[in-house]
Amino acid sequence: MTDSFSMQVKAPTKKPLKRLVILISGSGTNLQAIIDALEAGKLGEAEIAAVISNRPGVGGLERAARHHIPTLVIDHTTVEGREAYDQTLAAAVADLKPDWVILAGFMRILTRHFIEPFLGKIINIHPSLLPKHKGLHTHLKAIQEGDRHHGCSVHFVTLDLDSGPVIGQSSLPIAEALTHDAQTATSEQQKHEQQAQQLQLAVQKLEHKLYPECILWLVQERLRWDQDNNQVYLDGAQLPISGHPV
Ligand code: GRF
């Protein structure tokens with residue numbers, strides 16, 4: 001017999017996990033950092049719905065598979081044209097019903113055909129202190145331009161490459177990262193390239209801490225991008241142009 005009281009008591013409704021769809025192209029060390037944070041309970045109420053790569057056979061896909069995360073390859077060489085590719089990608093991502101689309105070393109310039117359907121839900125990690133050094137070869141640029149500090153930024157993705165509002169940033173003094181002498185270098189250019197490699201390793205460590213931290217803010221609904229005034233707010237406080245320091 002069911003008593004009337006127990007019939008009225010509803011089980012507490014659990015909020016669904018936030019669905020992250022992660023886009024990669026390569027080794028996926030940032031993906032690994034996100035997986036590790038999730039498994040350590042440091043990413044809040046989230047799940048990785050899928051990892052999508054535009055290249056088959058990359059290390060990031062293996063990392064995902066090792067953690068039983070669904071993977072999908074949408075090989076850009078099999079789809080003619082950037083617009084068609086982005087439409088195919090957008091359809092696949094939409095099917096996964098993401099709360100957040102996380103670009104983690106996704107090495108393609110995205111067009112409006114992908115960005116517009118998910119605007120405000122896509123974030124990226126970039127290896128420089130934005131707005132400095134957009135695009136590629138950021139570590140080398142920082143060395144060549146004699147910067148004193150370098151680092152990485154997490155930002156919302158907009159139609160302009162590496163130009164969306166910054167959420168968080170981590171930096172380090174470049175001198176601190178250059179621990180080995182570039183002794184084997186036979187030219188100034190080679191020396192800069194060797195130094196850039198050292199810098200890349202140091203910045204990568206920062207990335208692995210910064211990205212999960214920023215994703216946690218999103219998952220916890222603590223972060224808001226007001227697209228009308230292009231400002232980002234964390235816990236209601238407006239962030240500076242360089243985002244929140246991590
Ligand atoms: C990182 O340096 C990230 O900043 C950039 O692409 C690289 C991806 O590296 N967007 P990994 O695949 O996560 O190791």
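Entry 1, a loop residue. I looked up Asn230 and found it in the loop between β8 (223-226) and β9 (231-234). Helices (H or I, at least four residues) and strands (E, at least two) are DSSP runs, numbered from the N terminus. Asn230 is not a glycine, yet its phi is positive, about 60°.

Entry 2, the model. I note that this is a predicted model: local features need pLDDT of at least 70, side-chain atom pairs count only at pLDDT 80 or more, and totals for chains, interfaces and linings use all residues. Residues are numbered from 1 along each chain as its sequence is written, and side-chain values use heavy atoms, with hydrogens and water left out.

Entry 3, a cis bond. I checked the peptide bond from Leu130 to Pro131 and found it cis, with omega near 15°. Pro131 belongs to the loop between β5 and α6 (138-144).

Entry 4, the ligand site. I listed the residues around the ligand (a heavy atom within 4 Å of it); among them are Ser27, Thr29, Asn30, Gly105, His126, Pro127 and Gln204. By class, the shell divides into two nonpolar, seven polar and one charged. Here Ala, Val, Leu, Ile, Met, Phe, Trp, Tyr, Cys and Pro count as nonpolar, Asp, Glu, Lys and Arg as charged, and the others, Gly among them, as polar.

I then looked at N and O distances to the ligand. A backbone N or O atom of Ile125 is 2.8 Å from a ligand nitrogen. A polar backbone atom of Gly28 lies 2.9 Å from a ligand oxygen, and a polar side-chain atom of Glu207 lies 2.9 Å from an oxygen atom of the ligand. On its own the ligand has 370 Å² of accessible area (Shrake-Rupley, 1.4 Å probe), and the protein covers 84% of that area. The elements that give two or more residues to the shell are α2 (29-39), β5 (122-126) and α8 (188-219).

Entry 5, aromatic rings. I found two aromatic pairs in the structure. Rings of Phe, Tyr and Trp (its six-membered ring) pair if their centres lie within 6.5 Å; planes under 30 degrees apart count as stacked, over 60 as edge-to-face and the rest as tilted. Phe114 and Phe118 form a tilted pair, 5.1 Å centre to centre with 40° between the planes. Both lie in helix α5 (residues 112-118), four residues apart, about one turn of the helix.

Terms used. Polar contact = N/O pair within 3.5 Å; in protein donor to acceptor, adjacent residues only side chain to side chain.
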